[in-house]
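Here are a few notes to read with the structure open beside you. Take the points one at a time and look for each feature as you go.

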Amino acid sequence: MHHWGILHTMKASYREKAEYHAARMYYGEHRTMQSVAAELGVSRSTVSRLLQQARRQGIVRISLHPPVDRTSALEHRIGELYGVRAHVAVSERGDDPARRSDSVSVLAAGLIDRLVTPGAVVGVAWGQTMTSVVARLNRREVPDLHVVQLNGAVNSEPEGIGAPLGTGIGVVERFAAAYGARAHVFAVPAFFDYEETKKALWRERSTRRILDMHRRASLAVFGVGTFAEGQASQVYSGGYLSRDDLNALSAEQVVGDVCTVFLRADGSWEDIALNSRGSGPVPTELVEVPRRVCVVNGPHKVPALRGALAAGLVTDLVLDQISADRLAYGQHRDQAVAEG
């Protein structure tokens, strides 16, 4: 009689022992099927059947564990430190900044595409980062979708004229076009010269309609602006602010802005004078939006990003690998150096 037939005629307890011993030798001791067959006095085909049966009976349980890569580890650590959903764009050593920025934009566009739903209101800020992200959005029809500009972009300075792609109107219209949505532009200055002018305009019906849409938004998408380390964001380099304004921001220890609202490293913003003349939603308003996607594409923006995180403005963070490493570990290294 064939060895497998013999096994089937034996008691179940014996078969289970045979399955266990075959599995232990093959999986636990890494022996070949031929070696296991010789040990048990059966054929290789019988060993194969014993192993199959061992898996069916649960004697052997096989699981796959993908290796923990660098980006996954960074995402986990940032999530633990800051309470956000982190998405780190993979980059190779030696990648130039343009390639890293492109990877971030592609990753952010994919996340946004998953969050855009029919009937939603999406608030979008403007700037160089948002211009890059919008250019990579998936093109599909989303019924009854509304895209509203979060902060004004009108600039009376000559330096700010002639850059429609990076302005609020250009960004919001291209975002809306990607999904066949309706665009709602916010045709007000990025910064008012006088707080009284802003207050008066905020009473106008046309402005109140946009502000009401801000309150209805279920998704907000924005970057962080900074004038640090010689790589100024568009709001600082495009003539929107005077030299006196920039000096005042430095004196007040501002690290950057979100939607033209300035922040310190600890997330404070209320007593920064220029914020009374800004057009974007203040943090207490922005945090009312359920999902808030922040996109960062360079380590020079990490100090401003920390301010945004301290203010609780971010639920979903998309950033490059170098920035992620600096965000996850740089602050602790800086503290260690200072304490040392």
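1. Start with who touches whom along the chain. Among contacts between residues at least 6 apart in sequence, 70% join residues at least 24 apart. Keep in mind that this is a predicted model.

2. Next, try an inventory. The chain holds 15 helices and nine strands. Of its 340 residues, 48% count as buried. The chain exposes about 17,400 Å², and carbon and sulfur atoms supply 50% of that area.

3. Now find the sheet. In which order do its seven strands lie? Reading across, you should meet β1-β9-β8-β5-β2-β3-β4, in an open sheet with parallel pairing. At the edges sit β1 (85–89) and β4 (182–184), each of which pairs on one side only. On average, neighbouring strands of this sheet are turned by 20° against each other, direction ignored. As background, strands of a sheet pair through backbone hydrogen bonds, either parallel or antiparallel.

4. For a closer look at one pairing, pick β5 (residues 219–223) and β8 (residues 291–296). These two strands run parallel and are joined by five bridges. A good place to zoom in is Ala-220, whose bridge partner in β8 is Arg-292.

5. Finally, add two helices to your picture. Helix α10 (residues 205–216) packs on the sheet, where it touches β2 (121–124), β3 (146–149) and β4. The direction of α10 makes about 115° with that of β3. Helix α5 (residues 70–82) lies across β1 and β9 (316–320), and α5 runs at about 150° to β1.

Note on methods
Residues are numbered from 1 along each chain as its sequence is written. This is a predicted model: local features need pLDDT of at least 70, side-chain atom pairs count only at pLDDT 80 or more; totals for chains, interfaces and linings use all residues. Side-chain values use heavy atoms; hydrogens and water are left out. Helices (H or I, at least four residues) and strands (E, at least two) are DSSP runs, numbered from the N terminus. Buried means under 20% relative accessible area, exposed over 50%, partly exposed in between (1.4 Å probe, protein chains only). Contact means heavy atoms within 4.5 Å. Accessible areas come from the Shrake-Rupley method with a 1.4 Å probe; for residues, only the protein chains shown count as cover. Two strands pair if DSSP finds at least two bridges between them. Axes are lines fitted to C-alpha atoms, for helices over the stretch in contact, and angles run from 0 to 180 degrees between N-to-C directions.
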